[in-house]
Amino acid sequence: MDLDRWLNAGLQAVAGWQDGFGAFDRHASLDIPDDRFAAVFAEFTGRLRDNYPFFHPSYIGQMLKPPHPAAVAGYLTAMLINPNNHALDGGPATAQMEKEVVAQLAAMFGFDDPLGHLTTSGTIANLEALYVARELHPGRGIAYSAEAHYTHGRMCGVLGVSGTPVGVDSAGRIDLGELDAVLAGGRIGTVVATAGTTGLGAIDPVHEVLAVARRHGARVHVDAAYGGFFTLLAGPDGQAGLDPAPWRAIGSCDSVVIDPHKHGLQPYGCGAVLFADPDVGRFYVHDSAYTYFTSDELHLGEISLECSRAGAAAAALWLTLALLPPTPEGLGQVVAAGRRAALAWAGLLRDSDLLELYQPPELDIVCYFPLTGGPRLSAIDAASARLLADGMTDPRPVFLSTLRVTGAAMAARHPAVAADTDQGRILRSVLMKPESEDHVAELHARVEELAAVR
Ligand SMILES: Cc1ncc(COP(=O)(O)O)c(C=O)c1O
């Protein structure tokens, strides 16, 4: 895809539409001469160089990559109009696109007739799910695993709901026995299962969480902000195939969150929440004297906590999914490559004398640690920190991230490592660019070289 060409085509298309409304002079207060713009723009683009190369295969640090060029073309073109998806009065075309992409995401999870919408982030999408949880079960709390995203605890605080972290097993998945015991207390109304934890990429057994929760009359919300698109790999045989049970169970849960701005190739500003029961829309009812006047159809602001939201985000997702649909053959191929990369790296790590695999990857996150300082958590922590820093400043850089683990979590996986501190850092790499697959051997060799330097 030639982005130059399509950005220009977007400019032309919007200009052509605008021309139909009659010419007028722009106000002088908005005038900026090109030479002045050039100077400030040069400073601006210069400042943007203070970034890590998220686009490059050598960047395997955070859960971060640039959007697909189709999303860029879609976002920028719609942004020239700047629709607001809060109301059909603010963005009729992009609100319709939002309804269509939400239906595609719902179909991907097997939700029949859900209520859903895009949000500005996974955090806000989860906040909405927890808000509905509170409204449905006033006075009852919310349980989530100790490895769930930190914002669940924070949002429970915001909502004034008690949040209960539940322990995890030795693979970082919610402990079902402990969950059962917590639910037996009768104080929990909703359980959050995470389909792809942020740290380890672990998949809570959603099907088993659902069974335990239902036994105790609790609802289940699935946080698939990071892992959601991997549902496209559920079932197929082959190296990238995933056990379908947790993924197929999502369709029987009460709500799910997915972030198209993670594996959906979108720019930031694109999360989504879906509720199985469209009746929960009643918790969003509000009166607005100054909007909702052009149509009696559903305005998205009537079913979301946020007011203004970028119509451009819906436009970008619509255009992207029209080209790379959320099917095993479409977006599934993108996430499959990242998972194959993670599995391939795990194989290399198993054979390494310098690095040790922390636990087998489930999705596209690989965690590992250097052994060169000796089998002690304090030495692993120091070596991991050094490797992270050395990797970024090396003439042939590699950009990693670290993950803090407890001595107990390390001991559960690697009894030979002395837990001489309460917690320590290991290395974590997110292989979310499909190109990672072609660079695994090289990345592994680079990290081994860095580890070998004491
Ligand atoms: C599982 C999970 N939930 C929620 C979030 C928060 O999403 P956001 O950063 O879009 O607010 C993340 C972010 O990484 C995540 O991995």
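These are my notebook entries on what I looked up in a predicted model.

**Entry 1. The ligand and its shell**

I began with the residues around the ligand. I counted 14 of them, and the closest are Thr 123, Thr 198, Asp 223, Asp 259 and His 261. I then sorted the shell by residue class and obtained three nonpolar, eight polar and three charged residues.

Next I looked up individual atom pairs. The side chain of Thr 123 places an N or O atom 2.5 Å from an oxygen atom of the ligand. For His 261, the distance from a side-chain N or O atom to a ligand oxygen is 2.8 Å. Gly 122 takes part through its backbone, where an N or O atom lies 2.9 Å from an oxygen atom of the ligand. I also noted the cover: of the 390 Å² of accessible area that the ligand has on its own, the protein covers 86%.

I then asked which elements give two or more residues to the shell. They are helix H5, residues 122-136, and helix H10, residues 260-263. H5 gives the most, with three residues.

**Entry 2. Salt bridges**

How many salt bridges does the structure hold? I found 14, and I recorded three pairs in detail.

The first pair I recorded is Arg 134 with Glu 135, whose side chains meet in a salt bridge with an N to O distance of 2.9 Å. I checked the accessibility of both partners. Arg 134 has a relative accessible area of 28% and is therefore partly exposed. Glu 135 is likewise partly exposed, at 28% relative accessibility.

The next pair is Arg 376 with Asp 420, and here the closest N and O atoms are 3.9 Å apart. The cut-off for a salt bridge is 4 Å. This pair links distant parts of the chain, with the two positions 44 residues apart in sequence numbering. Arg 376 sits in the loop between strand E9 (365-370) and helix H13 (377-393), while Asp 420 sits in the loop between helix H14 (407-413) and strand E11 (423-430). Arg 376 is partly exposed, with a relative accessible area of 38%. For Asp 420 the value is 39%, so this residue is partly exposed as well.

The last pair in this entry is Asp 394 with Arg 446, with closest N and O atoms 2.5 Å apart. The two residues are 52 residues apart and again link distant parts of the chain. I placed Asp 394 in the loop between H13 and strand E10 (401-406), and Arg 446 in helix H15, residues 440-452. Are the partners buried or partly exposed? Asp 394 is partly exposed at 25% relative accessibility, whereas Arg 446 is buried at 7%. I followed the shared partners further and found that salt bridges join Asp 394, Arg 396, Arg 446 and Glu 449 into one network.

**Entry 3. Two positions in helix H4**

I looked up Thr 94, which is found in helix H4, residues 92-109. Its relative accessibility is 5%, and it therefore counts as buried. What does Thr 94 contact, leaving aside its neighbours within four places in sequence? I listed Pro 83, Asn 85, Gly 311, Ala 314 and Ala 315.

Ala 103 also lies in helix H4. At 46% relative accessibility, Ala 103 counts as partly exposed. I took one long-range distance from this residue: Ala 103 and Thr 372 are 51 Å apart, C-alpha to C-alpha, and 269 residues apart in sequence.

**Entry 4. Backbone angles**

I closed with phi values. Most residues other than glycine have a negative phi, and for that reason I recorded positive cases.

Asn 82 is one such case, with phi near 65° in a residue other than glycine. I located Asn 82 in the loop between helix H3 (69-81) and H4. At 57% relative accessibility, Asn 82 counts as exposed.

Leu 265 has a positive phi of about 65° and is not a glycine either. Its place is in the loop between H10 and strand E7, residues 271-275. Is Leu 265 buried or exposed? I noted a relative accessibility of 8%, so Leu 265 counts as buried.

Technical notes: Residues are numbered from 1 along each chain as its sequence is written. This is a predicted model: local features need pLDDT of at least 70, side-chain atom pairs count only at pLDDT 80 or more; totals for chains, interfaces and linings use all residues. Side-chain values use heavy atoms; hydrogens and water are left out. A residue is near a molecule or strand if one of its heavy atoms lies within 4 Å of it. A polar contact is a pair of N or O atoms within 3.5 Å; within protein, one must be able to donate a hydrogen and the other to accept it, and residues adjacent in sequence count only if both atoms are side-chain atoms. Accessible areas come from the Shrake-Rupley method with a 1.4 Å probe; for residues, only the protein chains shown count as cover. Helices (H or I, at least four residues) and strands (E, at least two) are DSSP runs, numbered from the N terminus. Ala, Val, Leu, Ile, Met, Phe, Trp, Tyr, Cys and Pro count as nonpolar, Asp, Glu, Lys and Arg as charged, and the others, Gly among them, as polar. Buried means under 20% relative accessible area, exposed over 50%, partly exposed in between (1.4 Å probe, protein chains only). Contact means heavy atoms within 4.5 Å.
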